[in-house]
Amino acid sequence: MKRLYLDNAATSFPKPACVHQALIDYATKVGASAGRGAYDEAKESGRIIHHCRELIAKLINAPDPDHIVMTFNCSDGLNMVIHGLVNPGDHVITTWMDHNSILRPFNELISYLEIEADFISTQENGIVNVDDIRKAIKPNTKLIAVLHSSNVTGTVEPTAQIARLAREHGIYTLIDAAQSLGHWPIDVLAEGYDFLAAPGHKGLLGPLGTGFLYIRQGLEKVLRPFKQGGTGSRSEIMTQPEIMPDKYEPGSHNAIGVAGLAKGVSYILDETVEKIRRHDRALCERFMAGLDAVPKLTWFGPRDVENHVGVFSVRMEGYEPLELSQLLERDFGILTRSGLHCAPLAHKTIGTLDSGGTTRFSFGPFVTLDDIDYTVDALKTIASKPRR
Ligand SMILES: Cc1ncc(COP(=O)(O)O)c(C=O)c1O
């Protein structure tokens, strides 16, 4: 039986062949740690990492590659901003659709700093109302952290409008692009984001253990480094160097992972984000129509394909989300994720928090329209059989 991987929201699979080759080349020909030696291999490691920053900067239209800080995943970058920016007495805002990698750092700060937070609920389709954010703004609001697209419903949020609102009030924005980057065009300058965190291992098609944080030029003067340590630069001083990106990159890099990530980003730039988005949109359209025709099935999120990335949550009458995932794997080789997807308030929004969450299907660039038809047929077959 074939294996059909539909858990790209967790991490993308498969990766393009050039990503695998880059890992092998790094492991067999480079090996060294960037910034930790003057020999050619260490210099080559540094060059590969810088090239990756350049490619990411091009992808998101960031003016300076040194403002692309390499991280180990998306949570890492989100934590760097939340813990490095917020002070006692500050007020912060996020939404019910956001992931635990924003909700938990916020709650951690609430637990030991005197900070205030507002968690903004949304309509059932997961779209946050910008006016609700406007109403929550206070004189001491420091940060609005919001996800670009939901990892539960695939809803795309009005982040550019939120950033404009924040800018008008002198508030910083932190965008969690975990479910968008690579298949949704993002321009940090035109959309006016201060900070943007993304994983390297999802839409950017890099290996696990990679990610980045974009820091708008000038904000390195405001953002405290959340972690400190050796950088291979300015070793004579015992405080974190101010130079970018070293200020936020203590410790040895995941250079082998970054080598793979650089190839993933190159692949996307060559294909173009617009083309990958068109493909994702076509998959969404086909899946929406298919899901509507499956008996006993409810799916959540916006009906509008223009407002949707390839992430879908469903419930089937008579089945726990985990049971449905297990049947899809056992009888059809379809791999999905069930449960709350680290986003409890998103499940509260769609009414599935107390009933085990949903079964989630998430697409990647190598998923085909035939795969979508196969998945819809599998759901129809399950729905048509008497419940065992
Ligand atoms: C919306 C969202 N934000 C953040 C994350 C965290 O990403 P990472 O696992 O790379 O830290 C995820 C992961 O699923 C996500 O879906």
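1. A quick definition before the ligand: a polar contact here is a pair of N or O atoms within 3.5 Å. With that in mind, look at Q179: an N or O atom of its side chain sits 2.7 Å from an oxygen atom of the ligand, which means the pair falls inside that cut-off. Keep in mind throughout that this is a predicted model.

2. Two more contacts go with that one. The side chain of S75 places an N or O atom 2.5 Å from a ligand oxygen atom. At C74 the backbone takes part instead: one of its N or O atoms is 2.9 Å from an oxygen atom of the ligand. As for cover, the ligand on its own would expose 390 Å², and the protein buries 90% of that.

3. Now the surroundings. The ligand has 14 residues around it, and the closest are S75, D176, Q179, H201 and K202. By type, that shell splits into five nonpolar, seven polar and two charged residues. If you are browsing pockets, the largest is the space that the ligand takes up.

4. Check the two cis peptide bonds while you have the backbone open. One joins F13 and P14, with omega at about 0°; P14 belongs to the loop that runs between β1 (4–5) and α1 (17–30). Another runs from M244 to P245, again with omega near 0°, and P245 is found in the loop between β8 (211–215) and α8 (255–271).

5. The loop between β8 and α8 also holds R234. Its phi is positive, near 45°, and R234 is not a glycine. Is R234 buried, exposed or partly exposed? R234 has a relative accessible area of 44%, so it counts as partly exposed, since that class lies between the 20% and 50% limits.

6. T272 is another non-glycine residue with a positive phi, this time about 85°. You'll find T272 in the loop between α8 and α9 (273–292). With a relative accessibility of 31%, T272 is partly exposed too.

7. Last stop, R387, in the segment that follows α12 (369–384). R387 is partly exposed, at 41% relative accessible area. To get a feel for the span of the model, try R387 against D25: the two are 362 residues apart along the chain, and their C-alpha atoms are 51 Å apart.

Definitions and conventions. Residues numbered from 1 in each chain as written. Predicted model: local features only at pLDDT ≥ 70, side-chain atom pairs only at ≥ 80, totals over all residues. Heavy atoms only, no water. Near = heavy atom within 4 Å. Polar contact = N/O pair within 3.5 Å; in protein donor to acceptor, adjacent residues only side chain to side chain. Areas by Shrake-Rupley, 256 points an atom, 1.4 Å probe, with all protein chains shown as cover. 1 Å grid on protein atoms, 1.4 Å probe; cavity = no way out; pocket = protein on both sides within 12 Å on 5 of 7 lines; lining within 4 Å. Sits in = over half its atoms within 2 Å of the grid points. Nonpolar A, V, L, I, M, F, W, Y, C, P; charged D, E, K, R; others polar. Helix = DSSP H or I, 4+ residues; strand = E, 2+ residues; numbered from the N terminus. Buried < 20%, exposed > 50% of the residue type's maximum accessible area, 1.4 Å probe, protein only.
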